[in-house]
Amino acid sequence: MKEIKFECWGKRHAVVIPDGKANYQSARLVVEGSSYPFPDWIQDPRTVVDIGGHAGEYAALARCVWPHCKVRCFEPNPELQDYLE
């Protein structure tokens with residue numbers, strides 16, 4: 001397991017991801033906002049649904065960007081369930 005740290009609204013956060021260079025690189029792009037940028041037209045959503053959530057890195061970032069929204073994250077791979085919890 002590896003931990004990726006990121007900052008959002010002046011606070012430090014961390015996401016634990018599975019071992020592997022590809023996992024680390026793709027998760028890093030997510031928390032940096034490169035893979036799935038947040039559109040300017042989305043201001044304050046009530047709910048964010050992350051389908052295929054991997055280890056929850058996008059869900060964690062969405063929760064930071066929109067702290068009042070509900071985040072629902074789904075991942076069909078049972079090996080990643082512990083990371084989401």
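This is a guided tour of a predicted model, arranged as a series of selections to make in the viewer.

**The main core**

Begin by selecting Ile4, Phe6, Cys8, Val15, Ile17, Ala27, Val31, Ala55, Leu61 and Cys64, which together form the largest nonpolar core, a set of 10 residues. If you then colour by secondary structure, you will find that strand S1 (2-8), strand S2 (11-17), helix H1 (21-31) and helix H2 (57-65) each supply at least two residues of this core. The largest share, three residues, comes from S1. A second, separate core has six residues, and Val30, Val48, Tyr58 and Trp66 are among them.

Stay with the main core for a moment and centre the view on alanine 55. Leaving aside residues up to four places away in sequence, alanine 55 is in contact with Val15, Val16, Ile17, Pro18, Tyr83 and Leu84.

**Helix H2 and its cover**

Next, select H2 and show its side chains, of which Glu57, Tyr58, Ala59, Leu61, Ala62 and Cys64 are buried. To see what lies over these buried residues of H2, display S1, S2, H1, S3 and S4, which are included in the cover.

**The loop before H2**

Move now to histidine 54, which is found in the loop between S3 and H2. The backbone here deserves a check in a torsion plot, since histidine 54 has a positive phi of about 55 degrees although it is not a glycine. With a relative accessibility of 18%, histidine 54 counts as buried, because the limit for that class is under 20%.

From histidine 54, step across to leucine 80, one of the residues in the loop between S4 and helix H3 (81-84). Leucine 80 is buried, its relative accessible area being 9%, and it touches Pro18, His54 and Glu75 when residues up to four places away in sequence are not counted. For a sense of scale, draw a distance from leucine 80 to glycine 10: the two are 70 residues apart in sequence, and their C-alpha atoms are 29 Å apart in space.

**A buried charge in S3**

Select aspartate 50, in strand S3 (residues 47-51). Which side chain of opposite charge is nearest to aspartate 50, and how far away is it? The nearest is that of arginine 72, at 12 Å, and aspartate 50 is buried yet has no salt bridge. A salt bridge would require a side-chain nitrogen of Lys or Arg within 4 Å of a carboxyl oxygen, so the 12 Å separation rules out a pairing with arginine 72. Arginine 72 is nevertheless one of the residues that aspartate 50 touches, the others being Tyr58, Ala59, Cys73 and Phe74, again without counting residues up to four places away in sequence.

**The nonpolar patch**

Switch to a surface representation and select Val49, Ile51 and Phe74, which make a nonpolar surface patch of about 340 Å². Of these, phenylalanine 74 belongs to strand S4 (residues 70-74) and counts as partly exposed, at 47% relative accessibility.

**The salt bridges**

How many salt bridges does a search of the whole structure find? The search finds two. For one of them, select lysine 5 and glutamate 3, whose closest N and O atoms are 4.0 Å apart; lysine 5 is partly exposed at 46% relative accessible area, and glutamate 3 is likewise partly exposed, at 44%.

For the other, select arginine 28 and glutamate 32, where the closest N and O atoms are 3.2 Å apart. Arginine 28 is partly exposed, with 23% relative accessibility, and glutamate 32, in the loop between H1 and S3, is partly exposed at 48%. While glutamate 32 is selected, also show phenylalanine 6: these residues are 26 apart in sequence, while their C-alpha atoms are 7.6 Å apart in space.

**Last stop: arginine 12**

Finish at arginine 12, in strand S2. Is arginine 12 buried or exposed? At 54% relative accessibility it counts as exposed. Its contacts, not counting residues up to four places away in sequence, are Lys5, Phe6 and Glu7. A last distance, drawn from arginine 12 to arginine 46, spans 23 Å from C-alpha to C-alpha, for a sequence separation of 34 residues.

Methods:
Residues numbered from 1 in each chain as written. Predicted model: local features only at pLDDT ≥ 70, side-chain atom pairs only at ≥ 80, totals over all residues. Heavy atoms only, no water. Helix = DSSP H or I, 4+ residues; strand = E, 2+ residues; numbered from the N terminus. Buried < 20%, exposed > 50% of the residue type's maximum accessible area, 1.4 Å probe, protein only. Lys, Arg positive; Asp, Glu negative; His and termini not counted. Contact = heavy atoms within 4.5 Å. Patch = residues over 30% accessible without salt bridge, like charges linked within 9 Å, V, L, I, M, F, W, Y side chains within 5 Å. Areas by Shrake-Rupley, 256 points an atom, 1.4 Å probe, with all protein chains shown as cover. Core = buried A, V, L, I, M, F, W, Y, C linked by side-chain atoms within 4.5 Å.
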